[in-house]
Amino acid sequence: MHRTIPALPVREMDAAVAFYTGRLGFEVLHRDGGFAVLRRDEAVLHLWESSDEGWRGRADFAERPIRSGAESFIAGTASTRIEVADVDGLYAELEAADVLHPVSKDGVGDTDFATREFATLDQDGNLISFFRWV
């Protein structure tokens, strides 16, 4: 196997693209309506708009909460981990951008499973962890 490309659900594509480019430093490789491909260095992310509000009025919502797969409540339920070369340098950059997850406000942490990492949340609440192996 080779590279994986996570696909994260977002509520509103314009806001998501603005966040990922303006605050996390990604560039847009492709944008088509409710879908975008972003890259920073070698890391690639796909964003897909989960903006279907039809679930709010469906009588069978309790039995079948997901029908289209793009229901708006799905945004913010995903997570991904991105390996980086300079986790401390990226931490400093993203700390200045004020996008750190509350658990990472005190700095980059060392885990008992041999990583050094920190986390952020996108504008919808998707968790993005940046790490390096130690």
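**Figure 1. Arg39 and its salt-bridge partner Glu27 in the predicted model.** Arg39 is partly exposed, at a relative accessible area of 31%. In this predicted model, the side chain of Arg39 meets that of Glu27 in a salt bridge, with 3.1 Å from N to O. Glu27 belongs to strand β2 (residues 27-32) and Arg39 to strand β3 (residues 35-40), so the salt bridge ties together parts that are 12 residues apart in sequence. Like its partner, Glu27 is partly exposed: its relative accessible area is 37%. If you would like to look for others of this kind, the count for the model comes to 13 salt bridges.

**Figure 2. A salt-bridge network around Arg58.** Which residues does this network join? Let us begin with the pair of Asp60 and Arg58, whose side chains meet in a salt bridge at 3.0 Å, N to O. Arg58 also forms a salt bridge with Glu71, here at 3.9 Å, N to O. Both Glu71 and Arg58 lie in the loop between β4 (43-49) and β5, so their salt bridge ties together parts that are 13 residues apart in sequence. Through shared partners, the salt bridges join Arg58, Asp60, Arg67 and Glu71 into one network.

Are the members of the Glu71-Arg58 pair buried or exposed? Glu71 and Arg58 are both buried. For Arg58 the relative accessibility is 16%, and buried means under 20%. Asp60 has a relative accessible area of 21% and is therefore partly exposed.

**Figure 3. Phe61 and Phe73, an edge-to-face pair.** A pair of aromatic rings is described by the distance of the centres and the angle of the planes. For Phe61 and Phe73 the ring centres are 5.9 Å apart and the planes stand at 80°, so the pair is edge-to-face. Each of the two residues lies in the loop between β4 and β5, and the pair links parts of the chain 12 residues apart. How is Phe61 classed by its accessibility? At 27% relative accessibility, Phe61 is partly exposed. Phe73 is partly exposed too, with a relative accessible area of 30%. The model has 8 aromatic pairs by count. Elsewhere, a single aromatic cluster is formed by Phe19, Tyr20 and Phe26.

**Figure 4. The open sheet and its edges.** Strands of a sheet pair through backbone hydrogen bonds, either parallel or antiparallel. Here 4 strands make up an open sheet with mixed pairing, and their order is β5-β8-β7-β6. Why do β5 and β6 each have one side without a neighbour in the sheet? Strands β5 (79-83) and β6 (109-110) stand at the edges with a single partner strand each, so one side of either strand is left without a neighbour. The partner of β6 is β7 (residues 115-121): the two pair in the antiparallel sense over 2 bridges. To find your bearings in this pairing, look for Gly109, which stands opposite Glu117 in β7.

**Figure 5. Helix α2 across the sheet strands.** Helix α2 (residues 87-96) lies across β7 and β8 (127-133). What angle does the helix make with β7? Helix α2 runs at about 20° to β7.

**Figure 6. Val10 and its surroundings.** Val10 sits in strand β1 (residues 7-10). With a relative accessibility of 0%, Val10 counts as buried. Leaving aside residues up to four places away in sequence, Val10 touches Ala16, Leu47, Trp48, Glu49, Ser50, Ala75, Asp122, Gln123, Asp124 and Asn126. Asp112 makes a handy point of reference: 102 residues from Val10 along the chain, its C-alpha atom is separated from that of Val10 by 32 Å.

**Figure 7. The setting of the close-ups.** The protein has 2 helices and 8 strands. Read from the N terminus, the order of the elements is β-α-β-β-β-β-α-β-β-β. Along the principal axes, the C-alpha atoms fill a box of roughly 50 × 35 × 30 Å. How much of the protein counts as buried? Of its 134 residues, 38% do. The accessible surface comes to about 7,500 Å², and 52% of it belongs to carbon and sulfur atoms. Among contacts between residues at least 6 apart in sequence, 47% join residues at least 24 apart.

Note on methods:
Residues numbered from 1 in each chain as written. Predicted model: local features only at pLDDT ≥ 70, side-chain atom pairs only at ≥ 80, totals over all residues. Heavy atoms only, no water. Pairing = 2+ DSSP bridges. Contact = heavy atoms within 4.5 Å. Axes fitted to C-alpha atoms, helices over the stretch in contact; angles between N-to-C directions. Salt bridge = Lys/Arg side-chain N within 4 Å of Asp/Glu carboxyl O. Buried < 20%, exposed > 50% of the residue type's maximum accessible area, 1.4 Å probe, protein only. Areas by Shrake-Rupley, 256 points an atom, 1.4 Å probe, with all protein chains shown as cover. Phe/Tyr/Trp six-rings, centres within 6.5 Å; stacked < 30°, edge-to-face > 60°.
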